[in-house]
Amino acid sequence: MPSGPSRPNKTRNILLGIVVGLLGGIGLAILREYLDNTVKTPDDIETLARLPSLAVVPALSNSNGKRRGHLSRFLKAPIVTSREGRAELISHNMPQSQMSEAFRALRTSLLLSQADHPPQIILMTSALPREGKTTAAVNLAVTLAQLGDRTLLVDADLRKPGINRALSLVDGKHAGLSSYLAGVSSLDLITVPHPAITNLEAIPTGPIPPNPADLLSSRRLTELIAELRTRYKFVVIDSPPIMAATDAVILSVLVDGVLMVVRSGETPKEAFTRTRDLLVGVKCHMLGVVLNAVDASSPDYYYSYRYYPYSYGGYGREEDTRKSRKTRRAESETQLGQD
């Protein structure tokens, strides 16, 4: 009589289950990575477009540290933070946050891209809607104004404007860019200073016209940009997505450089490369790419300041800890000397 059952072989089944589970998990991970056709990291941007990634902007998190979503999802509603601020004005309301630091890094990259003559007129665009370009344009303008230079933010998205809502300015019935291009208003009348941010002014869209591309192709736009060069140190222009309208392509040849916003894990690689090809085809100057809404807990966020010991949140505490240790050590040595 056998001392034990011949079936089932528990040891063999357990080992077989472990091997099959490991191989299956690895296979599913490889398949998922193969099927994911979105831009996620700065390496993807460099490989696909041969363009530098000038900034990596983390996704906004709530007070509990959980990810709240992408920046572009908050263009229509205010976000309640510790300082009652909006995501579009986070560089002003929360200057020591990781997102603010990312936009200051973007500002530094732009100013150092051409040390002798940094770009003065900057166009912000994206491949698809809801990439976060309006948020990026507003925060870039805020950080430039914080340098003490006169900065102008122009809402050239004559189809779906967002600057009024982001800055809490006048409504769409007020005279704006469309009014100037139509010849019914002047530059002084359409320029609106921001009530809280020094050195920052804005030009809203004004009434939405039925023919935005025709207005942007007029000679008055060229005259307007020439006039803005004499009045302002920096001008940031927000434009529609390139795959949705041709307006941004028209503007790209009139500015000093173009910044493209890419939403991490959402922008398809085909749309990204197609947008790059359209801009390169008109021989505009591509400054680089802003990788937006990156998960701060992922390894892709390695390029930001999150993992450095001199971040705002940890530097002071680390210095205090060092000082307290030195104080305790000195007191101990003094006590030993007295003994």
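User: Which residues of H12 do Ile45, Leu48 and Ala49 in H2 meet?
Analyst: Let's start with the H2 side of this predicted model. There, Ile45, Leu48 and Ala49 make the contact. Across from them, H12 offers Lys269, Phe272, Thr273 and Arg276.

User: How do the residues of that contact of H2 with H12 divide by class?
Analyst: Good follow-up! The contact of H2 with H12 holds residues of each class, nonpolar, polar and charged. The division is 4 nonpolar, 1 polar and 2 charged.

User: Is H2 roughly parallel or oblique to H12?
Analyst: Look at the angle between helix H2 (residues 42–49) and helix H12 (residues 269–281), whose axes lie 10 Å apart. The two pack at about 50°. Angles under 35 degrees count as roughly parallel and 65 to 115 as roughly perpendicular, with the rest oblique. That angle therefore makes H2 to H12 oblique.

User: Is the crossing of H2 and H12 left-handed or right-handed?
Analyst: Picture H2 passing H12. The crossing is right-handed.

User: What about H4 and H5: is H4 oblique or roughly perpendicular to H5?
Analyst: Helix H4 (residues 98–113) packs against helix H5 (residues 133–145) with axes 9 Å apart, at an angle of about 70°. Angles of 65 to 115 degrees count as roughly perpendicular. So H4 to H5 is roughly perpendicular.

User: Which residues in H5 are met by H4?
Analyst: H4 brings Phe103, Arg104, Leu106, Arg107 and Leu110 to this contact. By class, the contact has 6 nonpolar, 3 polar and 2 charged residues. On the H5 side, the partners are Thr135, Ala136, Asn139, Leu140, Thr143 and Leu144.

User: Now for the empty spaces: what is the volume of the largest cavity?
Analyst: The structure holds 1 cavity of 30 Å³ or more. The largest cavity has a volume of about 50 Å³.

User: Which helix gives the most to the lining of the largest cavity?
Analyst: The lining consists of Val154, Ala156, Leu177, Leu216, Leu221, Leu224, Ile225, Leu228, Ile237 and Leu251. By class, that is 10 nonpolar residues, with no polar and no charged ones. The helix giving the most, with 4 residues, spans residues 219–231 and is H10.

User: Which residues lie nearest the centre of the second largest pocket?
Analyst: The second largest pocket has about 280 Å³ of space. Its lining of 20 residues divides into 8 nonpolar, 4 polar and 8 charged. Nearest the centre of this pocket lie Pro129, Arg130, Lys133, Asp157 and Lys160.

Key: Residues are numbered from 1 along each chain as its sequence is written. This is a predicted model: local features need pLDDT of at least 70, side-chain atom pairs count only at pLDDT 80 or more; totals for chains, interfaces and linings use all residues. Side-chain values use heavy atoms; hydrogens and water are left out. On a 1 Å grid over the protein atoms alone, a cavity is a set of points where a 1.4 Å probe fits but cannot get out, and a pocket is an open set with protein on both sides within 12 Å along at least five of seven lines; lining residues have an atom within 4 Å of a point. Grid points are joined across faces, edges and corners, and a volume is the space filled by probe spheres set on the points. Ala, Val, Leu, Ile, Met, Phe, Trp, Tyr, Cys and Pro count as nonpolar, Asp, Glu, Lys and Arg as charged, and the others, Gly among them, as polar. Axes are lines fitted to C-alpha atoms, for helices over the stretch in contact, and angles run from 0 to 180 degrees between N-to-C directions. Angles under 35 degrees count as roughly parallel, over 145 as roughly antiparallel, 65 to 115 as roughly perpendicular and the rest as oblique. Contact means heavy atoms within 4.5 Å. A crossing is left-handed if the near helix is turned anticlockwise from the far one by less than a right angle, and right-handed if clockwise.
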